[in-house]
Number of protein chains: 2
Amino acid sequence: MRRTVVRLAWLAAACTAEELTTLWPYPASVHAGDGTHPICPGLRARLEPASRDLERALGRFRAHAFAHGPHGGECDARAIAELRVRVRNARAELQAGVDESYELKASCAAAGGGGGGGGGGCAIDVDAATQFGAFHALTTLAQLVSYDFASGAYALAGMPLLRVRDAPRFAHRELLVDSARHWLAPAALGALVDAMAMAKLNVLHWHLSDSTSFPLCLRAAPALCAAGAFSARERYARADVARLVAHAAQRGVRVLAELDVPGHAASWCRGYPRVCPAADCAEPLNPARADTFALLEALLDELLGAPAGGGASRGALLPERLLHLGGDEVDTRCWEASDEIIAWLRARGLSAADAYGRFVLRAHELAAARGAVVVGWDEIFEALGGTLPRSTIVQVWRPWSRASSLANVTAAGLRALSSPDPAWYLDSLDVNWTAAYAHEPCDGLSAAQCARVVGGGGAMWGERADGSDVEATVWPRLAAIAERLWSPRARSETARAEPRLRAFRCLLLARGVAAAPVGNARARDAPRAPGGCAEQ
Amino acid sequence: MRRTVVRLAWLAAACTAEELTTLWPYPASVHAGDGTHPICPGLRARLEPASRDLERALGRFRAHAFAHGPHGGECDARAIAELRVRVRNARAELQAGVDESYELKASCAAAGGGGGGGGGGCAIDVDAATQFGAFHALTTLAQLVSYDFASGAYALAGMPLLRVRDAPRFAHRELLVDSARHWLAPAALGALVDAMAMAKLNVLHWHLSDSTSFPLCLRAAPALCAAGAFSARERYARADVARLVAHAAQRGVRVLAELDVPGHAASWCRGYPRVCPAADCAEPLNPARADTFALLEALLDELLGAPAGGGASRGALLPERLLHLGGDEVDTRCWEASDEIIAWLRARGLSAADAYGRFVLRAHELAAARGAVVVGWDEIFEALGGTLPRSTIVQVWRPWSRASSLANVTAAGLRALSSPDPAWYLDSLDVNWTAAYAHEPCDGLSAAQCARVVGGGGAMWGERADGSDVEATVWPRLAAIAERLWSPRARSETARAEPRLRAFRCLLLARGVAAAPVGNARARDAPRAPGGCAEQ
């Protein structure tokens, strides 16, 4: 009798689902049936090895998958009641390139086998190289659980046999947030991280300072935030940073800080006027003064640890090895208007452009001496090309710039990130999700070049985004970018993706994320009329 | 020596603060110094009597007041290190009219007195009639604590002697949310409740159903949500409702459900076609059929408990005694197009307008039989006037309607709520906070009439508000309404209120609430340019 049931189950498995419409980003490989199977909200979990972070991830999984609480009564006897999570290297550090792959399997045991011993139940198995892969597995799994409001029961899609093998296409999948044009509360940043993890993004690129404000309070240079922040309240304490970094790490998200130099730095002068050319012509930072580099070193010591610490040094505020030093949009007119800087340039036979390049290289050296791998905007490649250190990662935002395109950067043997303006610039409100989805970082690149593209992401520049609208500006377009960065390259049909994206937007809303309508003419526009989340 | 210090403190107290600029809504009575005093984030709390809800409120207070974590080191020896909270009637139920008053005092003990025994410290005392008053006291207190990013220390404003005596002007201070035009996730509703509590609002008026959808899943009538919801996901399980009610109650917020009948009810027919005049002319609900009232009774049984239970009956999903039955915007043309209903009207010698009145009274009777106090939109007063039961609360949304104005309703001896369109209609995007603040519910009313205005609130109609923009549409304008409903009537100067409102908007942002700029031309517009939260 039992045999028959099992055989039927396997026959049913032959009816494979065309596509599981609740998955986003779509996994690398899915073999799934087109049925569902009851799953018990109180299912037992075996974590091997157990860890606090994995327990937390399991708690998030339960909260997401079983959002309407437990059944009224007992679970169906047939229901999946066991979840086994195995992590092969539990000590892997959350750094660039960490293995995020996982395998997820759900099935009901065949009869026979060992016989006896409670066998015959249904179970889910997760096998991951690292806990970060296991987090992704649980994220995928939560997307497959649905609730029946009539019966109060939960069901898992893709049954009777579900097997997902998954790994990201690109190692670096980011959201850039700009807390210098408008301060963003730690709570708002934490909420963005929560939603990033739902879309398997893994880097919060924190554009911490700009001409407009310097909100980060550091011991080494207290006047930066004291004079550079918008107000006494719109600042980050060291404890705020540490808490955000920990919150993100628990979700497999790294926090990559950006200190943009030498341009976009006028706010530095409010606390330290000596590092600027003049009070009324404040940026780029003054390259002629030792104070400028002394201040930068003090900041780097505090963020990265003192030199020769090796890797994430003692006392470092940020565990992340990558550090972004900006380098974009530098207009040297204020240098050329300063007698002091003109004299300094002449004495060295430097043009202003040369001095920009020297500034960038000096800043990179200082960061590298503290164990950092430096990221910079593509202007640094345009200026310095192959003379940049080989470890440099160039973030390309100007696809139109021949000099510093992804093709040129990768042809020069450097690694690159793709954040094209406007396709992945989330402040471009007339770019809809299809345009974001259509951008393929490796278009026109050889395989070897493509291998140097470590990833990219969406850039939420903050001129017109603050805590009131940042989430609705980011979502759902960032999800389109997330799938481009995660899923196999062949997955590129907009029409096929759209129902899944609409479902994912509904999922975000259900979890309290302020994701704007998918069909908006302009990003973050209000819905036009009453209706269901998937229709809008 | 000690004496001198104390005397100086009292002298300093003579320098009373003009106004404490971080308080919103402003308390009824504040006596405060214009200095600050260190306060210890690890301060001891004595709760008398202790209760789980009070412990939770204390946890929220600590999270809000000490958001940047504890000091690096020890607290200043002079710092306030004790908080005593005394609740006189710990068993008071959260129902309309519950005593929300509190007294809050912070001071440093004078020398002498008992002598010895650890005396001489600084402490905060909260004295409240109920725990709901104590919640408000802690909300006030959290608004007075600031953080010094340079020293890592917290300070309490209004010192050296702070005394707040406070109670709301109106007992009922609501936000109406509409989860029928767009479904709002329980998480989004919970977030709205969290922010409501920050502004001392106390009623979530939940417009649960409308022509567009019926998202509430009830045992008694499962087809209502099965057929009436936008999708399989955009529904509320009983457990979702219970959890939201509990979440709100822990913050002193009541959940007042609205089932709008007989108009705005076309969604009922999708599951129960028999309760409507015709499939293509679906509302108002069919007054000629017993099915209509049987269905309504089944819903009321489930929401309020079966009749004769007395008060909040056994098995009631909602502990709240008030129930809103709508009654607005009823267009009876579908009755007059139905042969069945025409015949029924003729047999009884009723006009369609008469039948509307009978429907309203019948629905009220059914709810009252289950212990409910019925609230309805002002159309019910226009139709029925003094024939409405004396317990009815009329919610006036049409200040322009002479027939059913606040003046007429209260002159007739009935209680009223004020939710004027457009001043307090939050979907009116061109109404700014000053217009909302300027509405005075008791304008033109006698003292006796004003005493019948139990309150009112902001109405967030959902045609163009969903989870992506609801919070930014509600805030900060709802805060203006909250102060009008809480603070003494004399507090009405916009220019004086504005800096405090801007500070409150910054507070909301700091706590992760998506509050739009105060100076927007239209509500929820993005900020125009980079800048600090208070400037926008």
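The UniProt record, an unreviewed entry, places an active site at A:Glu329, and in this predicted model the residue lies in the loop between strand E12 (322-324) and helix H9 (333-336) of chain A. A:Glu329 has a relative accessibility of 47% and therefore counts as partly exposed. When residues up to four places away in sequence are left aside, A:Glu329 touches A:His264, A:Glu379 and A:Trp397; with A:His264, a polar contact of 2.9 Å joins the two side chains.

Aromatic pairs number 32 over all chains. Among them, A:Trp377 and A:Trp461 have ring centres 5.8 Å apart and planes at 50°, so the pair is classed as tilted. This pair links distant parts of the chain, since A:Trp377 belongs to strand E13 (residues 373-377) of chain A, whereas A:Trp461, 84 residues apart from it, is found in the loop between strand E16 (453-460) and helix H16 (470-474). Both tryptophans are buried. A:Trp461 also forms a tilted pair with A:Tyr425, at 6.0 Å centre to centre and with 55° between the planes; here A:Tyr425 is contributed by the loop between strand E15 (415-418) and helix H14 (433-438) of chain A, and the partners are 36 residues apart. A:Tyr425 is buried, with a relative accessible area of 7%, and for A:Trp461 the relative accessible area is 7%.

Elsewhere, ring pairs join A:Phe61, A:Phe66, A:Tyr147, A:Phe149 and A:Tyr154 into a cluster. Charged groups are also placed over aromatic rings: the charged end of A:Arg484 sits over the ring of A:Tyr437, 4.5 Å from its centre, and in chain B, B:Lys200 lies over the face of B:Trp486 at 5.7 Å from the ring centre.

Definitions and conventions. Residues are numbered from 1 along each chain as its sequence is written. Chains are lettered from A and ligands numbered from 1 in the order in which they are written. This is a predicted model: local features need pLDDT of at least 70, side-chain atom pairs count only at pLDDT 80 or more; totals for chains, interfaces and linings use all residues. Side-chain values use heavy atoms; hydrogens and water are left out. UniProt positions are given in the numbering used here, feature names are shortened, and annotations may be inferred rather than shown by experiment. Helices (H or I, at least four residues) and strands (E, at least two) are DSSP runs, numbered from the N terminus. Buried means under 20% relative accessible area, exposed over 50%, partly exposed in between (1.4 Å probe, protein chains only). Contact means heavy atoms within 4.5 Å. A polar contact is a pair of N or O atoms within 3.5 Å; within protein, one must be able to donate a hydrogen and the other to accept it, and residues adjacent in sequence count only if both atoms are side-chain atoms. Rings of Phe, Tyr and Trp (its six-membered ring) pair if their centres lie within 6.5 Å; planes under 30 degrees apart count as stacked, over 60 as edge-to-face and the rest as tilted. A charge sits over a ring if NZ of Lys or CZ of Arg is within 6 Å of the ring centre and within 35 degrees of the ring normal.
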